Amino acid sequence: MIKDILEIAGIAGDIIREGFGNNFQIEYKTSEKNLVTEIDKKSENTIVDFINKKFPTHNILTEESGEHKKDSDYIWVIDPLDGTTNFAHGLPIFAVSIGVMKKNEIVAGVVYDVMRNIFYSSEKGSGSFANDTKIRVSNNDKIGLGVLATGFPYNVEDNPYNAFERFESLTKRARAVRRLGSASIDFCYVANGVFDGFWEVSLFPWDICAGKLIVEEAGGIVTDFSGNETNVFTKQIIASNKKIHQQMVDGLKI
Ligand code: IPD
Ligand code: CA
Ligand code: CA
């Protein structure tokens, strides 16, 4: 199945790359901050058509069109363009994120970093890769020597999860905190050891699914803010190299 996921992530990525920097329609979702472009929709429709042809019984959950319910143990969880604000403003940091779950367990995932042409991929039990190279989380065990990443939800001004207080707390503890604007790429930078950890409030299954497996298979860990096990429906997420995980949990207790 990983071959198929890689194939369709690449096709969707080509659509996004072609659209980047051109004129495209933009609509507002919940607010002027929360955009969807015609390229998000084109990417998503292409991925959904591909799955419907190749795996007609599989369930699908996507950001832009929600649940496509069928009768199968498999569900594909899709963010057709993760980093829409970056894309719409000409910042070349965005990805296609596709995870596949079987009976609630993530079994495969691909995050395609479109402009760097890097396919991050993982199959349960087989490690994680950036193109053909095996990747591994960092070895650092001190948050003060680490670089972390975070992001903010679109409703940040009235989000109840204290995003700014948590940002302040971890910014004081870490060497640096970065905010890339693409959660799936944040996960992959934890998996390849560039970031020591990533956290965010109010993520969605399509932001998490592929990235969670890629971090775990690279030797990392993904939990909620209390350090407990998560699934893709957990909204408050910490992903780390394991070694600084407890320090992140402590820093996020505000
Ligand atoms: C967003 C990005 C961003 C994160 C937001 C997400 P979208 O996804 O991943 O980094 O901070 O929480 O909603 O809307 O560009 O697919
Ligand atoms: Ca997203
Ligand atoms: Ca998206």
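Me: Do helices α5 and α6 run roughly parallel or roughly antiparallel to each other?

Reply: This is a predicted model, in which local features need pLDDT of at least 70, side-chain atom pairs count only at pLDDT 80 or more, and totals for chains, interfaces and linings use all residues. Residues are numbered from 1 along each chain as its sequence is written, chains are lettered from A and ligands numbered from 1 in the order in which they are written, and side-chain values use heavy atoms, leaving out hydrogens and water. The axes (lines fitted to C-alpha atoms, over the stretch in contact for helices, with angles from 0 to 180 degrees between N-to-C directions) of helix α5 (residues 183–191) and α6 come within 9 Å and cross at roughly 5 degrees. Angles under 35 degrees count as roughly parallel, over 145 as roughly antiparallel, 65 to 115 as roughly perpendicular and the rest as oblique, and α5 and α6 are therefore roughly parallel.

Me: How many nonpolar residues are in the contact of α5 with α6?

Reply: On the α5 side, the contact (heavy atoms within 4.5 Å) is made by Ala183, Ser184, Phe187, Cys188, Val190 and Ala191. From α6 come Asp207, Ile208, Gly211, Lys212, Ile214 and Val215. Ala, Val, Leu, Ile, Met, Phe, Trp, Tyr, Cys and Pro count as nonpolar, Asp, Glu, Lys and Arg as charged, and the others, Gly among them, as polar. The contact has 2 charged and 2 polar residues, and the nonpolar ones number 8.

Me: How is α4 set against α7, oblique or roughly parallel?

Reply: Helix α4 (residues 163–173) packs against helix α7 (residues 245–252) with the axes 8 Å apart. Their angle is about 135 degrees. That makes the setting of α4 against α7 oblique.

Me: Which residues of α7 does α4 meet?

Reply: From α4, the residues in the contact are Arg166, Ser169, Leu170 and Arg173. By class, the contact has 3 nonpolar, 2 polar and 3 charged residues. The residues met in α7 are Met248, Asp250, Gly251 and Leu252.

Me: Which strands are the edges of the open sheet?

Reply: Helices and strands are DSSP runs, H or I of at least four residues and E of at least two, numbered from the N terminus, and two strands pair if DSSP finds at least two bridges between them. The open sheet has 8 strands in the order β4-β3-β5-β6-β7-β8-β9-β10, with mixed pairing. The twist averages 20 degrees from one strand to the next. The strands that pair on one side only are β4 (66–68) and β10 (133–135).

Me: What is the bridge partner of Thr62 in β4?

Reply: Strand β3 (residues 59–62) pairs with β4 in the antiparallel sense over 3 bridges. In β4, the partner of Thr62 is Gly66.

Me: At what angle does α2 run to β5?

Reply: Helix α1 (residues 2–19) lies across β5 (74–82), β6 (95–102), β7 (105–113) and β8 (118–123), at about 30 degrees to β7. Helix α2 (residues 38–54) lies across β3, β4, β5 and β6, and its angle to β5 is about 155 degrees.

Me: Which residue coordinates both calcium ions, ligand 2 and ligand 3?

Reply: Donors are N, O and S atoms within 2.8 Å of the metal (3.2 Å for Na, K and Ca), and sites may look incomplete because water is not among the atoms. The calcium ion (ligand 2) has Asp79 (OD), Asp82 (OD) and Asp207 (OD) as protein donors, 2.1 to 2.3 Å from it. The calcium ion (ligand 3) is coordinated by Glu63 (OE), Asp79 (OD), Asp79 (OD) and Leu81 (O), at 2.2 to 3.2 Å. The two ions are 3.8 Å apart, and both are coordinated by Asp79.
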